[in-house]
Amino acid sequence: MTQVDAGALVRRTHHVLRPDATRVVSSPFLPGEEISGAGISRRSAVLGRLLALPDAEVDAALIEVLTSFSTRHHDLPALLDARFALVAPHVADSGALSLERRRLIGACMSQEYAIESAALFNPSMVAHPDQGGLPAGSTRFVMSVRGVGEGHVSCVELRTGVVDASDEITFDTPGPTTTVPGRLETRHSRDDLRRQNEELGGDPGDADALLRTLPATFGAEALEGSPRLEWLAACTYGVAFPEASAMDSRVLLPGSPAERHGVEDLRLVEVEPDGARRSYLGTYTAFDGESVAPHLVATEDFTTFRMSRLTGPGAKNKGMALFPRRVGGQYLALSRWDRESNSLAASSDLRHWDDLGTLRAPARAWEIVQAGNCGSPVETSAGWLVLTHGVGPMRRYSIGALLLDLDDPRRVLGSLAAPLLTPEADERDGYVPNVVYSCGGLVHGDTLVLPYGCSDSSIRLALVDLPQLAARILAGS
């Protein structure tokens, strides 16, 4: 197998982003989940001891917490207040407690979680919503990355930077603190939940009967008493970060029962705006510890995000990637519903996806085990450019490419015979060895800026000449 000439067509840059174990978030630590030998809730026992502490010891302990941890978290006092609110119903006359005691209780119900202590990989890149103040020919970008910490739980982080007129890339250095979002009130669609209920399996009878009594939209409280519908509704939610928080401090943690073990491989794409503002969509893999499913995220500013569960035969397994605009009046997406082939899916509402058939199944040795995409299609004058990934012997992942017809993306115009990128010697070793993988690149003039994960342990970048790549694909070389 011969890799495509990496001379002028593909140029790797010097950038290497590695996991940083100092990047932590605060997550709940509720000892009430455990039971002591005496049959007393540990939460109750801990709360009892905290309530008995002298005021002076409370004050001193809280000062130590704020001194040691404030440099690692955005607005730590607010985090402690929110954590206390989780256990306040278990504290008699909680409103009479001093602010210091409440916050110390919140600290004892908290822990730090190192979000990328195990791995950092699988990036996607889009243009930043704010392009102001840049030199001519430069583009500010947002890059999503997948961080993995203890227990192999995945989250989404953000990085920012600039590509200049000469394709030189500069990353902003993330600050020392991280920020987690607050939850937003969510309205649910009766028709959407009905589709989800029908597709979930099992007996939907009681849940369907309840849905028939509800208006077109409603709040989650209307579903109380139906665990099945409560679970489905919890998979559609919104979050918002503080406006004052730095974008590269923001961390999207698992936020629904379908995501308990991870929010994986976000594939971001900038989509046609409805107005003057940029708009972004993304698909990601929700993992609950046993099963995976593609979910949708939408944002305009990377401050407020809306997540939702998808349905339909085209929305199965991993690796959906949305087209940046409608084609023929339909939303389109790349799909790998069968676990091994690149397929096309269509939707009228971005929520329910029908299968339009296989685009290309694994055929060559370097992709013979399974194939998929490496992010959303890129619109070029030659066609829709799709970067693919292929798994071959020894479970090595390589990146390839194919072109689809602009007007009828079901037509494959050509594909690379050999990989565009394979793991080089210094990219082979890591958490999952022998892997190069991307979730999407940024078009900058005639260059595709392609961030990619290396063996699930670091992130690097390559610059791809788009006209040359299209010519190679059409030539079948």
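Q: Is Cys-155 buried or exposed in this predicted model?
A: Buried: Cys-155 has a relative accessibility of 1% in this predicted model.

Q: And Cys-108, how exposed is that one?
A: Cys-108 is partly exposed, because its relative accessible area is 30% and buried would need a value under 20%.

Q: OK, how many disulfides are there?
A: Zero, after a search of the whole structure. Cys-155 is in no disulfide, and the nearest cysteine sulfur, that of Cys-439, is 14 Å away.

Q: Why does 14 Å rule out a bond there?
A: Because a disulfide needs the two cysteine sulfur atoms within 2.5 Å, and the sulfur of Cys-439 is 14 Å away from that of Cys-155.

Q: Switching to rings. How many aromatic pairs turn up?
A: Six, over the whole structure. One of them is Phe-141 with Phe-171, an edge-to-face pair with 5.3 Å centre to centre and 80° between the planes.

Q: Where in the chain do Phe-141 and Phe-171 sit?
A: Phe-141 is in strand β5 (residues 139–148) and Phe-171 is in strand β7 (residues 169–171). They are 30 residues apart, and the pair links distant parts of the chain.

Q: Are those two buried or exposed?
A: Phe-141 is buried, with a relative accessible area of 0%. Phe-171 is at 18%, and that also counts as buried because the limit is under 20%.

Q: What about Phe-323 and Trp-384, why is that pair called edge-to-face?
A: Because the planes of the two rings are at 70°, and over 60 degrees counts as edge-to-face. Their centres are 5.1 Å apart.

Q: Which parts does that pair tie together?
A: Phe-323 lies in the loop between β17 and β18, while Trp-384 belongs to strand β23 (residues 383–391), so the pair ties together parts 61 residues apart in sequence. Phe-323 and Trp-384 are both buried.

Q: Which rings form a cluster?
A: Phe-241, Tyr-280, Phe-302 and Phe-305 are linked into a cluster by ring pairs.

Q: You mentioned β23. How many of its residues are buried?
A: Nine of its nine residues, and β23 is described as mostly covered.

Q: Which way does β23 run against β21 and β22?
A: Antiparallel in each case. Four bridges join β23 to strand β21 (residues 370–373), and three bridges join β23 to strand β22 (residues 378–380). As for partners in β23, Asn-373 is matched with Thr-388, and Val-378 is matched with Leu-385. β22 and β23 also form a hairpin with two residues between them.

Q: How many bridges does β23 make with β24?
A: Eight, again in the antiparallel sense. Trp-384, the ring residue from before, stands opposite Leu-404 in β24. The hairpin of β23 and β24 has five residues between the strands, and Met-394 there takes a positive phi near 60°.

Q: Which residues in the largest nonpolar core touch the most other members?
A: Leu-385, Leu-387, Ile-399, Leu-420, Leu-421 and Leu-469, out of 23 residues in that core. β23, β24 (397–404), β28 (447–454), β29 (458–465) and α8 (466–475) each supply at least two residues of this core.

Q: What's in the second core?
A: The second core is separate and has 21 residues, including Val-142, Val-239, Leu-268 and Val-297. As background, nonpolar side chains in soluble globular proteins tend to be buried together.

Q: Now a helix. Which residues of α7 are buried?
A: In helix α7 (residues 227–234) they are Arg-228, Leu-229, Leu-232 and Ala-233. They cover an arc of only 125° around the axis, which puts them on the same side of α7.

Q: Why would residues spaced like that point the same way?
A: An α-helix has 3.6 residues a turn, so residues three or four places apart point the same way.

Q: What do the buried residues of α7 pack against?
A: They pack against β9 (187–189), α5 (190–199), α6 (205–212) and β16 (304–309).

Q: Last topic: what's the strand order in the open sheet of four strands?
A: It goes β17-β18-β19-β20, with antiparallel pairing. The edge strands, β17 (321–322) and β20 (354–360), each pair on one side only. Five bridges join β18 (residues 331–335) to β19 (residues 342–347), and Ser-335 has Ser-343 as its bridge partner in β19.

Note on methods:
Residues are numbered from 1 along each chain as its sequence is written. Side-chain values use heavy atoms; hydrogens and water are left out. Buried means under 20% relative accessible area, exposed over 50%, partly exposed in between (1.4 Å probe, protein chains only). Two strands pair if DSSP finds at least two bridges between them. Rings of Phe, Tyr and Trp (its six-membered ring) pair if their centres lie within 6.5 Å; planes under 30 degrees apart count as stacked, over 60 as edge-to-face and the rest as tilted. The arc is that of the directions from the helix axis to the C-beta atoms. Contact means heavy atoms within 4.5 Å. A nonpolar core is a set of buried Ala, Val, Leu, Ile, Met, Phe, Trp, Tyr and Cys residues joined through side-chain atoms within 4.5 Å.
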